[in-house]
Amino acid sequence: MKIIADVDKCIGAGQCMFTEPELFDQSEDDGTVVVLISEPESELLTQKAREASYVCPGRAISLVE
């Protein structure tokens, strides 16, 4: 799986970061999403990426299987 973040859609709510801080952070400049691990290998991180994509209010996170 690959995590793709669209910073143009990101509203900076931080839900992704709160869901899994090992995968996501926020830019200090504008608060938009920063992907820390674009291709998680563990099943737990893969599940957390799916959860973060689901809770993102701006629908800025997409997953490519």
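**View A. Lys48 in helix α2 of the predicted model.** K48 counts as partly exposed, because its relative accessibility is 24%. The structure shown in this and the following views is a predicted model. K48 is a residue of helix α2. Leaving out residues up to four places away in sequence, K48 touches T19, E20 and L23. From K48 to M17 the C-alpha to C-alpha distance is 10 Å, and the two are 31 residues apart in sequence.

**View B. The salt bridge between K48 and E51.** The side chains of K48 and E51 form a salt bridge, with an N to O distance of 3.9 Å. Both K48 and E51 belong to helix α2, where they are 3 residues apart, about one turn of the helix. An α-helix has 3.6 residues a turn, so residues three or four places apart point the same way. E51 is partly exposed, at a relative accessible area of 36%.

**View C. The salt bridge between R50 and E65.** The structure counts 2 salt bridges, and one of them joins E65 to R50, whose closest N and O atoms lie 3.2 Å apart. This pair links distant parts of the chain, with R50 in helix α2 and E65 in the segment after β4, 15 residues apart. E65 is exposed, having a relative accessible area of 67%, whereas R50 is partly exposed at 31%.

**View D. Helix α2 and its buried face.** Helix α2 spans residues 43-55, which makes 13 residues. From the first C-alpha to the last, helix α2 reaches 19 Å, close to the 18 Å expected at 1.5 Å a residue. The buried residues of α2 are L45, T46, A49, A52 and S53. Viewed down the axis of α2, these buried residues fall within an arc of 120 degrees, so they line one face of the helix. Exposed residues E43, L44 and Y54 are carried on the face of α2 turned away from its buried side. The cover over the buried residues of α2 includes the strands β1 (2-5), β2 (24-26) and β4 (61-64), together with helix α1 (15-19).

**View E. Ser53 on the buried side of helix α2.** S53 is found in helix α2. With a relative accessibility of 17%, S53 falls under the 20% cut-off and therefore counts as buried. Apart from neighbours within four places in sequence, S53 is in contact with R59, I61 and L63. Of these contacts, R59 lies in the loop between α2 and β4. The phi angle of R59 is near 55 degrees, a positive value in a residue other than glycine.

**View F. The largest nonpolar core.** In soluble globular proteins, nonpolar side chains tend to be buried together. The largest nonpolar core of this model has 12 residues in all: I3, C10, C16, L23, F24, V33, L45, A49, A52, C56, A60 and I61. Helix α2 supplies the largest share of this core, 3 residues. One member of the core is I3. Not counting residues up to four places away in sequence, I3 touches L23, F24, V35, I37, S38, P40, A49, I61, S62 and L63.

**View G. Cysteines C10, C16 and C56.** The structure holds 0 disulfides. C10 takes part in no disulfide, and the nearest cysteine sulfur, that of C56, is 6.3 Å away. C16 is likewise in no disulfide, its nearest cysteine sulfur being that of C10, at 6.3 Å. A disulfide requires two cysteine sulfur atoms within 2.5 Å, so these separations do not qualify. C10 counts as buried, at 18% relative accessibility. C16 is also buried, with a relative accessible area of 8%.

**View H. Gln15 beside C56.** Q15 lies in helix α1. Although Q15 and C56 are 41 residues apart in sequence, their C-alpha atoms are 6.0 Å apart in space. Q15 touches V55 and P57, not counting residues up to four places away in sequence. At 35% relative accessibility, Q15 counts as partly exposed.

Methods:
Residues are numbered from 1 along each chain as its sequence is written. This is a predicted model: local features need pLDDT of at least 70, side-chain atom pairs count only at pLDDT 80 or more; totals for chains, interfaces and linings use all residues. Side-chain values use heavy atoms; hydrogens and water are left out. Buried means under 20% relative accessible area, exposed over 50%, partly exposed in between (1.4 Å probe, protein chains only). Helices (H or I, at least four residues) and strands (E, at least two) are DSSP runs, numbered from the N terminus. The expected span of a helix is 1.5 Å times one less than its number of residues. The arc is that of the directions from the helix axis to the C-beta atoms. Contact means heavy atoms within 4.5 Å. A nonpolar core is a set of buried Ala, Val, Leu, Ile, Met, Phe, Trp, Tyr and Cys residues joined through side-chain atoms within 4.5 Å. A salt bridge is a side-chain nitrogen of Lys or Arg within 4 Å of a carboxyl oxygen of Asp or Glu.
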